[in-house]
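Please load the model in your viewer and keep the selection panel open. The stops below go from the whole chain to single residues.

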Amino acid sequence: MKLIDLHTHNSNNDAEIYILNSNNNIATNAERISVGLHPWNIDDMWEQRMQEIATIATDQRVRAIGECGIDLVKGSSTISLQTEILQRHIELSERLHKPLILHVVKGQEIILNLRRTMHPEQAWIIHGFRGKPQQAAQYMAAGLYLSFGERCNSDALAATPLDRLFIESDESTLPIAELYKKAADTLGVPLEKLAAAVEENCKRCGIVELRT
């Protein structure tokens, strides 16, 4: 049984397989990383940063683009600039055939509108999802996946089908096994069934190549 951590900031992660949010540091020893410009970190150098990210993203260890997205509470730039930068990430995701890991705070309508207008083929995953079941349903109706961590809404998790979810630690210090156990209990399924479902979702989305 493999416990896969979709998104973590901890390079000493205890999961057998994990995707490290690398802060665009290609020198990390992690086997699988993600790269992107977080909406909190947008500054006057964003175009140069995006060029650097586009170069780094071709590395075979980069398994996802992000985290990127829309944050209308703590975002460091205007809505229009956040949206433009997110569009750049979407284009990069499509060009390299790598899934998109999204940070979204109060920006659901922007995400859903981009989904409708850009018609992406790669998987989009809302990381650290804490919304209510109604919001989860809207995202899933648009074809998105949801990734749940330590502080998720248990009703939303319980309403999410196994083939549409991931488990992540993000910045939590809890062992990944504990997060899986809590999620399995909420879903009312055996831990092994949840782990197998997340593994299958990873295969489907091209996040990891799993070897037996």
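Begin with the cartoon of the whole protein, in which there are 7 helices and 8 strands, where helices (H or I, at least four residues) and strands (E, at least two) are DSSP runs numbered from the N terminus. The radius of gyration, taken over C-alpha atoms, is 16 Å, close to the 17 Å that the globule rule gives for 212 residues, so the protein is as compact as a globular protein of that length; the rule itself is 2.2 Å times the number of residues to the power 0.38.

Before selecting anything smaller, note that this is a predicted model, in which local features need pLDDT of at least 70 and side-chain atom pairs count only at pLDDT 80 or more, while totals for chains, interfaces and linings use all residues. Residues are numbered from 1 along each chain as its sequence is written, and side-chain values use heavy atoms, with hydrogens and water left out.

Colouring by accessibility comes next: 52% of the 212 residues count as buried, which is to say under 20% relative accessible area, with exposed meaning over 50% and partly exposed in between (1.4 Å probe, protein chains only). If you then display contacts (heavy atoms within 4.5 Å), 60% of those with a separation of 6 or more are between residues 24 or more positions apart.

Now select helix α1, residues 46-56, and show the side chains of Trp46, Met50, Ile53 and Ile56, which are buried. Looking down the axis of α1, you will find its buried residues within an arc of 120°, so they line one face of the helix; the arc is that of the directions from the helix axis to the C-beta atoms. Gln51 and Thr55, on the other side of α1, are exposed. To see what covers the buried residues of α1, add elements including β3 (33-35), β4 (62-71) and α2 (79-96).

Staying with strand β4, pick Glu67, which lies in that strand, and trace back to Gly66, to which a cis peptide bond joins Glu67, with omega about 10°. Most residues other than glycine have a negative phi, and most peptide bonds are trans.

Two backbone stops remain. Asn23, in the loop between β2 (17-21) and β3, has a positive phi near 55°, and at 63% relative accessibility this residue counts as exposed. Finally, select His119 in the loop between α3 (108-118) and β6 (124-126): phi is positive here too, at about 50°, although His119 is not a glycine, and its 60% relative accessibility makes His119 count as exposed.
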